[in-house]
Amino acid sequence: MASSRSRRVEYDRFIPFRSAMDMDFARCALTMPSRPQRDGSIESPSSVAYQKLLVQCIFKNRSRIFAFKSAPESPADKVSQFDEDNRPHKKQQRRIPKDADRVLAAYDILDDDRLNLLDWGSNNVLAIGLNDKVCLWNAANKSSTEFSRALEDNSPVTSISWSPDGKVLAVALGNSDLDLVDAATRRVLVGIQGDSHSFVCSLAWRSNAILTSRRSDGSIVDYDIRKDDRAICDYRGHRLEVCSLKWSELFGRYLASEGKDKLVHIWDTCMAVANHHPRQHQLLHKISNHTSTVRALDWCPTRSNLLASGGGRNDHCIKFWNAVNGVCLNSIDTGSEVCALLWDKNKSELLTSHGFPNNQLTLWNYTSMTRKAELFGHSSRVLYLAGSPLGGVVASAAEDETLKFWNAFEIPKPPKPEANTVPFAQFSVIR
């Protein structure tokens, strides 16, 4: 049965309704001469007056054949004015505070570029070595504690490092001993004695069970804390003190070391070892591009094969290396000694600390290496940097006996919850 309601018919083109048109006016408007005669003749004044009177009386001063029922909108009403800010907004640049967010006293901290006395664990506890004791600052409740080991010779702390899970703190002492301390009970779990001719300058955890240490004589040793014979392998290549050790983020495959001999060494644990030295790892790359002591070192967390290193007083350069082929990707002259270096874990940003003349912290944008911010506040060279495991905050310590906290990095946004946690929840039928 056909519906009585009228239906709207869609046409493929516009056909005007002639009944609504004024045909007489259209004909006169089309045939009325509006231009001078082609033969050059001039109309008489009476003819001109007649045409004007005709337009006024009959045409009612209409000059167009077709016209809108209502006046169209002015184009200027639809187009935004030049001064109106209707253009798409650019992403606002992050504001980086120039002053430290918090300052704590760090009395008796040692000014020695061979030592590593600051580390921020995954348990959100910051550890700092102050002469012969270790102070712990809990970032969650802003509380601090300290502990020390009774020693006859009062040997100072030379290096500290948290295990990846934040349960064990490795503490190296000036008498060549190495203690593994339980973070909850402050009890020494494992004690490793070294020779009296050298002391541990740097520590780096490869995993929760394997700890790599380097000594002042240039030797590097891996310890497995689960075994009785804890020394499992060593790395030989440096002739002088090794100032820094870093394991790469990717499965702990690459180990980077650098020190007083101006060399950067990259070791690949996947390389086959020599038959006559089954417990000695082979050197992958020996880099000698720096012209001064190399102390600053860190692996990029977002690019597993990218290593950054910083030169000392006579070098002033930040260099970037490809760990696979050992090629120098870029070199930037900073104008002052590079004491420490830290990558942001969430973005391609790099924070460096410097010495004379400004003792500043510099935030860089990688890969353009443009300076995003300069942070001033220390009165002596900034030897130690440590980043919060939650991101955003960076701690720095210097010989001026202050520990400063900076909001240098961008705080990562929390991940958005997934709408459907059950697979195929949005489907009712699976074919």
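In this predicted model, His-265 touches Gly-237, His-238, Leu-255, Ala-256, Ser-257, Leu-283, His-285 and Lys-286, when residues up to four places away in sequence are not counted. His-265 is found in strand β16, which spans residues 264-268, and the residue is buried, with a relative accessible area of 1%. One of its contacts, His-238, has its place in the loop between β13 (231-235) and β14 (242-247), and at 8% relative accessibility His-238 counts as buried, because the limit for that class is under 20%. Leaving aside neighbours within four places in sequence, His-238 is in contact with Gly-218, Ile-220, Ser-257, Glu-258, Gly-259, Asp-261, Leu-263 and His-265. The C-alpha atoms of His-238 and Gly-259 are separated by 7.7 Å, although the two residues are 21 residues apart along the chain.

The loop between β15 (254-259) and β16 contains Lys-262, whose phi is near 70°, a positive value in a residue other than glycine. Lys-262 is partly exposed, with a relative accessible area of 40%. Glu-401, in the loop between β28 and β29, likewise has a positive phi, near 65°, in a residue other than glycine, and at 30% relative accessibility Glu-401 counts as partly exposed. These values deserve a check against the backbone, because most residues other than glycine have a negative phi, and most peptide bonds are trans. Two peptide bonds can be examined in that light. The bond from Phe-356 to Pro-357 is cis, with omega near 10°, and Pro-357 lies in the loop between β24 (349-354) and β25 (361-365). The bond from Tyr-366 to Thr-367 is cis as well, with omega near 20°, and Thr-367 has its place in the loop between β25 and β26 (370-375).

The UniProt annotation "repeat: WD", from an unreviewed entry, covers residues 235-268 and 375-407. Over residues 375-407 the chain is 0% helix and 52% strand, and the end C-alpha atoms are 10 Å apart. Strands β27 and β28 pair in the antiparallel sense over 5 bridges, and they form a hairpin with 6 residues between them, in whose turn Gly-391 has a positive phi of about 85°. Across this pairing, the bridge partner of Tyr-384 is Ala-397 in β28. Strand β27 is mostly covered, with 5 of its 6 residues buried.

The aromatic rings offer another route through the fold, and the structure holds 7 aromatic pairs. The rings of Trp-120 and Phe-405 have their centres 6.0 Å apart and their planes at 85°, so the pair is edge-to-face. This pair links distant parts of the chain, with Trp-120 in strand β2 (residues 118-120) and Phe-405 in strand β29 (residues 402-406), 285 residues apart. Both Trp-120 and Phe-405 are buried. The rings of Phe-320 and Trp-343 have their centres 6.1 Å apart and their planes at 65°, so this pair is edge-to-face too. Phe-320 lies in strand β21 (residues 317-322) and Trp-343 in strand β23 (residues 338-343), so the pair ties together parts that are 23 residues apart in sequence. Phe-320 is buried, and so is Trp-343. Ring pairs also link Trp-120, Trp-137 and Phe-405 into a cluster.

Trp-120 leads on to the sheet that holds its strand. An open sheet of 4 strands has the order β2-β3-β4-β5, with antiparallel pairing; its edge strands are β2 and β5 (143-147), each of which pairs on one side only. The twist averages 20° from one strand to the next. Strand β2 and strand β3 (residues 125-130) pair in the antiparallel sense over 3 bridges, and within β3 it is Leu-126 that stands opposite Trp-120.

Leu-126 also belongs to the largest nonpolar core, which has 35 residues and in which Leu-118, Leu-126, Ile-128, Val-134, Leu-169 and Leu-403 have the most contacts. The elements that give two or more residues to this core are β2, β3, β4 (133-138), β6 (157-162), β7 (168-173), β27 (382-387), β28 (394-398) and β29, and β3 gives the most, with 5 residues. Leaving aside neighbours within four places in sequence, Ile-128 is in contact with Ala-106, Ile-109, Leu-117, Leu-118, Lys-133, Val-134, Cys-135, Ile-160, Ala-397 and Leu-403. A second, separate core of 15 residues includes Leu-342, Val-382, Trp-406 and Phe-409.

Note on methods. Residues are numbered from 1 along each chain as its sequence is written. This is a predicted model: local features need pLDDT of at least 70, side-chain atom pairs count only at pLDDT 80 or more; totals for chains, interfaces and linings use all residues. Side-chain values use heavy atoms; hydrogens and water are left out. UniProt positions are given in the numbering used here, feature names are shortened, and annotations may be inferred rather than shown by experiment. Buried means under 20% relative accessible area, exposed over 50%, partly exposed in between (1.4 Å probe, protein chains only). Contact means heavy atoms within 4.5 Å. Rings of Phe, Tyr and Trp (its six-membered ring) pair if their centres lie within 6.5 Å; planes under 30 degrees apart count as stacked, over 60 as edge-to-face and the rest as tilted. Two strands pair if DSSP finds at least two bridges between them. Axes are lines fitted to C-alpha atoms, for helices over the stretch in contact, and angles run from 0 to 180 degrees between N-to-C directions. A nonpolar core is a set of buried Ala, Val, Leu, Ile, Met, Phe, Trp, Tyr and Cys residues joined through side-chain atoms within 4.5 Å.
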